[in-house]
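Trainee: I would like to learn how to read a protein structure through its side chains. Could we go through one together?

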Amino acid sequence: MSVKAKTKTTKSLPARARTEDLRTGSNAPVDVSGSLEAQIGNEVRALRKELELTVAELGASAGISTGMLSKIETGSISASLGTLNALSKALNVPLSRFFRETEEQRDCSFVKAGSGVKIERRGTKSGHNYQLLGQSVHGELAVEPYLITLNEDAEAYTNFRHAGVEMIYMLTGKVRYRHADQTYLLEPGDTLFFDAAARHGPEELVKAPMTYLSVIIYPRRS
C-alpha cells in the first residue's frame with residue numbers, strides 16, 4: 001500500500017502583514033516606525049533644525065501658522081498634500097523627502113567569513129586579536145560585534161572598561177573571566193552578559209586557543 005506524501009503549501013505574507021505574524025521570540029516592540037504623521041513630523045523638524053530655522057520662521061516661509069506647523073512636527077495632525085508641498089519648497093527639498101522613513105531601508109552589515117576588520121592589541125593586551133564582524137551606522141545605539149581570539153602568547157588583562165553592556169559567547173578553549181569582584185569560568189557554549197562600566201577581562205587563560213564572540217552595545221554620542 002503506497003502512502004502519498006503530504007505537501008505543505010506556504011502562503012506568502014500579505015503586503016500589510018498582521019502584527020502577530022511579525023513577532024519573534026524577542027520582547028522588542030514590533031511597531032518600530034510609528035504613525036505616518038509622526039514620521040513626517042520628525043522629518044520636517046529635523047530639516048528645519050538643519051537650516052537653523054525657528055518654527056515661526058519656517059511657518060512664515062511656507063505660509064502656514066506657527067500652531068499648525070507645531071502640530072505637524074509633533075504628528076498630532078495629518079497635513080494636506082498642499083501644506084506638505086509648501087513646506088518642501090520652503091525647506092528646498094523634494095516632497096518625497098518627508099516620506100523617507102516609510103521606505104524599507106535599514107542598517108544591514110554582511111561580512112564574509114575571515115574578512116572582518118582585524119585589530120591586534122598591543123602592550124598589556126598583547127595576543128588579543130579582534131575581528132570586527134559588523135557595524136551599525138545609524139540609530140541611538142551603537143553595536144560592535146567582535147570575534148576575539150586569545151593566542152598562546154596572550155596575556156591576562158582585566159582592566160577593560162567602557163560604556164554600555166557587553167555579551168560574551170564562548171566558542172573554543174577555556175578562560176576565567178573577571179567582571180567587577182566576580183570571576184566566571186567560561187567554556188564553549190557559556191554566555192556572560194554584563195554592565196561594561198565595571199572593570200572586566202580575561203583573568204586566567206586556562207586552555208588556548210580561546211575564541212569567543214563579544215557584542216558591545218552602547219549609546220551613540222550625538
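Mentor: Gladly; this is a predicted model, and we will take its aromatic rings, a helix and some salt bridges in turn.

Trainee: How many aromatic pairs are there?

Mentor: Rings count as a pair if their centres lie within 6.5 Å. By this rule the count comes to four.

Trainee: Is the pair of Tyr 177 and Phe 194 stacked, edge-to-face or tilted?

Mentor: The ring centres of Tyr 177 and Phe 194 are 6.0 Å apart, and their planes meet at 35°. Planes under 30 degrees apart would count as stacked and those over 60 as edge-to-face. The angle of 35° fits neither, so this pair is tilted.

Trainee: How many residues apart are Tyr 177 and Phe 194?

Mentor: Tyr 177 sits in strand E4, residues 165-179, while Phe 194 belongs to strand E6, residues 191-195. The pair therefore links distant parts of the chain, with a separation of 17 residues.

Trainee: What kind of aromatic pair do Tyr 177 and Tyr 212 form?

Mentor: Their centres are 6.4 Å apart, which is within the 6.5 Å limit. The planes are at 85°, and an angle over 60 degrees has its own name. The pair of Tyr 177 and Tyr 212 is edge-to-face.

Trainee: Which strand holds Tyr 212?

Mentor: Tyr 177 is in strand E4, and its partner Tyr 212 lies 35 residues away in the sequence. The strand holding Tyr 212 covers residues 200-219 and is E7.

Trainee: Which residues form one aromatic cluster?

Mentor: Tyr 177 pairs with Phe 194 and also with Tyr 212. The cluster is made up of Tyr 177, Phe 194 and Tyr 212.

Trainee: Is Tyr 177 buried or exposed?

Mentor: Buried means under 20% relative accessible area. Tyr 212 has 2% and is buried, and Phe 194 is buried too. Tyr 177 has a relative accessibility of 2%, so Tyr 177 counts as buried.

Trainee: Now to the helix. Where do the buried residues of H3 fall, seen down its axis?

Mentor: Helix H3 spans residues 66-74, and Leu 69, Ile 72 and Glu 73 are buried in it. Seen down the axis, the buried residues fall within an arc of 95°, so they line one face of the helix.

Trainee: Which helices are included in what covers the buried residues of H3?

Mentor: Covering here rests on contact, meaning heavy atoms within 4.5 Å. The cover includes H1 (36-50), H2 (55-62) and H4 (81-91).

Trainee: How many salt bridges does a search of the whole structure find?

Mentor: A side-chain nitrogen of Lys or Arg must be within 4 Å of a carboxyl oxygen of Asp or Glu. Arg 97 and Glu 43 meet this, with their closest N and O atoms 2.9 Å apart. For the whole structure, the search gives five.

Trainee: Is Glu 43 buried or exposed?

Mentor: Its partner Arg 97 is partly exposed, at 22%. Glu 43 has a relative accessible area of 3%, which is under the 20% cut-off. So Glu 43 is buried.

Trainee: Which strands does the salt bridge of Glu 203 and Arg 178 tie together?

Mentor: The closest N and O atoms of Glu 203 and Arg 178 are 2.4 Å apart. These residues are 25 apart in sequence, Glu 203 in one strand and Arg 178 in another, so the bridge ties together E7 and E4.

Key
Residues are numbered from 1 along each chain as its sequence is written. This is a predicted model: local features need pLDDT of at least 70, side-chain atom pairs count only at pLDDT 80 or more; totals for chains, interfaces and linings use all residues. Side-chain values use heavy atoms; hydrogens and water are left out. Helices (H or I, at least four residues) and strands (E, at least two) are DSSP runs, numbered from the N terminus. Buried means under 20% relative accessible area, exposed over 50%, partly exposed in between (1.4 Å probe, protein chains only). The arc is that of the directions from the helix axis to the C-beta atoms.
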